[in-house]
Each structure stands twice: as structure tokens, then as C-alpha cells.
Amino acid sequence: AWAAFLARTRVAHVEAGLRTHDKWSPFPEEINRRIAGVVADLHFAPTDLARQNLLREGIPEQNIVVTGNTVIDALLWASALPFDLGALPLGASVWEPGKKWILVTAHRRESFGQPLERTCEALRTLALEGKGQWEIVYPVHLNPRVREPVRRILQGTPHVHLLPPLDYLPLVHLMKRSDLVLTDSGGIQEEAPSLGKPVLVLRDVTERPEGVAAGAARLVGTDCGRIVEEARRLLTDPAAYERMARVVNPYGDGKAAQRIADRLLSHR
């Protein structure tokens, strides 16, 4: 966006208006998004809440279009493609009938150090407590500040499967097969509700509060006890699980890209 501004080129910002109002979290995305918001000529907001954020910042209403989020377009496309989960390096036990799957992604800068260690301790506790009732699958980011604590705390723990990073297609199908998602990812906070999967957000704040407000996601931070408590409840209380799983996804209907293209083609 900044380079385009210096070149006097018009800018359209996709995913405009996402805010936590904490410049340090998510880092550096919060400030990057605010800068892009100052530079942009067209603002494609995924939700009405994002639109309201932009209006409060003085963006003219005629320059804002609520589109839904393009990540939902990608998710629905990818989830309809064939993929064999048997191609993933998972033990045979995860295919046993009745087992539940927990998908974990955790790699944010804000979690480096003790927060990530606490998250790993919570995962270890969950895995041992479950005694084979559920399996934890964790594609581990290549950053050494993620890999080192994850391997130190979780390597060799029964019912924990540490995988290399996954491409988008296998990740989507793994999410589709999972029962519960624990993540600090922004995109997965939007994707999981589209697949009917409850999400525990391993962050203290989120720029995607719509899922929390709707009841499809819950902020649990990186407190070991709270992660275990909330995950245990969803894994053992069918009524609590269904309340989160049945929430209508607030992030779009899979047609965001077409709305963006239509506006770009008609924009003068």
C-alpha cells in the first residue's frame, strides 16, 4: 500500500477495517492495517463491524463495501476438492471410530516464550487426560522459537501428533475432519466456524470479534488452566459443543471475490 501511494497508484484494501485497537497485538498486522487504511481509495470490509471501524476513522461511506471475507471463498473451494487424509503422517489410531480430533495451530510472535510454553503444557495435559479419547494434531511452524518449545514439551507425548507445516488443501481437510480447533491464527478463526467447528482462540485480543460475539469462538488466551478447562468442556459436554458448532458463520457466504471484482470494474 505504501509503495503504491508513493507511485501515485490507487489502492484497494481487502480485509479492511479489522482492528483490536492495540497496536502491539496482533504484531505487526494491526499497524499495517491502519496504514493501509490511510492509504487506500477503496475499502473492502469483510463485516459490518469492520465497516463501522472505518467510519469511525473518517473513511467516506461511499468508499467502503462490505463483501464478506475472501478466506471463506477459498475455504469453500478447497473443502470441495478431493483429498486423502491418509496421505498425512498420522498413526493408525486416529482413524478409530469414536475418536475426536483436536487441530492446533500456534505460532504468533506475541506467544513466543512463556505463552507458547503454557499452551504446550495445556496440550500435554489434555492429551494425557484424554487417555486416547481424543488425538491432538499440531502442524508446527518452522520458526525455531516455535519448534524448540513445542518439541521439548510435546515430542513423544501419547496422542499428540506433531506434523510439518501443511499446504492449504490438507490443512482445510484436516480442519474439516477435526472436532475442535485451538488456534492463534486470524484466518482459521473465520474458517473453522464455516465448517461447524468450535474455536478456542489462543490470544488475549482478536481483530475478528464477530465470531466471539456470535458464539462460534471463545478467547482463552495462553493460560494453561483455562485452555484445558474450556477444551475439556467442549470435548465432554455435547450440549456445550452443539451451541458453538451450530452458530451461523458471520464472516461471509463465499462470494466476496465476486463483489470485490464487480466494484473494481465499476469504480471510477
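**Notebook: strands, helices and one buried side**

I began with a crossover: β7, helix α8 (residues 186-194) and β8 form a right-handed β-α-β unit. A reminder to myself before going on: this is a predicted model.

Next I looked at how the strands of that unit pair. Strand β8 covers residues 199-201, and 3 bridges join β8 to β7 in the parallel sense. I picked out one bridge here, in which Thr-183 has Val-201 of β8 as its partner. I then looked up strand β4 (residues 100-105), which runs parallel to β7 and is joined to β7 by 4 bridges. Thr-183 turned up again, as the bridge partner in β7 of Thr-105.

Which way do the side chains of β7 (residues 180-183) point? I found Leu-180 and Leu-182 pointing one way, with Val-181 and Thr-183 pointing the other way. All of these are buried. That fits a general pattern I keep in mind: side chains in a regular strand alternate between the two faces of the sheet.

Then I turned to an open sheet of 3 strands, in the order β1-β2-β3, with parallel pairing. Why do β1 and β3 each have one side without a neighbour in the sheet? I noted that β1 (12-14) and β3 (64-66) stand at the edges and have a single partner strand each, so one side of each is left free of a sheet neighbour. On average, neighbouring strands of this sheet are turned by 15° against each other, direction ignored. I also checked the pairing of β1 with β2 (residues 42-45), which is parallel and has 3 bridges. One partnership I wrote down is that of Val-14 with Phe-44 in β2. Packed on this sheet I found helix α3 (residues 48-56), which touches β2 and β3. The direction of α3 makes about 165° with that of β3.

My last stop was helix α6 (residues 144-154), where I listed Val-146, Pro-149, Val-150, Ile-153 and Leu-154 as buried. They lie on the same side of α6, because the arc they cover around the axis is only 100°. The general rule helps me here: an α-helix has 3.6 residues a turn, so residues three or four places apart point the same way.

What covers the buried residues of α6? I found that the cover includes α5 (114-130), β5 (134-139) and β6 (160-163).

I looked at both ends of α6 too. At its start, a side-chain oxygen of Asn-143 comes to within 2.9 Å of the backbone nitrogen of Arg-145. Just after α6, Gly-156 has a positive phi of about 85°.

Conventions:
Residues are numbered from 1 along each chain as its sequence is written. This is a predicted model: local features need pLDDT of at least 70, side-chain atom pairs count only at pLDDT 80 or more; totals for chains, interfaces and linings use all residues. Side-chain values use heavy atoms; hydrogens and water are left out. Two strands pair if DSSP finds at least two bridges between them. Helices (H or I, at least four residues) and strands (E, at least two) are DSSP runs, numbered from the N terminus. Axes are lines fitted to C-alpha atoms, for helices over the stretch in contact, and angles run from 0 to 180 degrees between N-to-C directions. Contact means heavy atoms within 4.5 Å. Buried means under 20% relative accessible area, exposed over 50%, partly exposed in between (1.4 Å probe, protein chains only). A crossover is right-handed if, with the strands pointing away from the viewer, the path from the first strand over the helix to the second runs clockwise. The arc is that of the directions from the helix axis to the C-beta atoms. A polar contact is a pair of N or O atoms within 3.5 Å; within protein, one must be able to donate a hydrogen and the other to accept it, and residues adjacent in sequence count only if both atoms are side-chain atoms.
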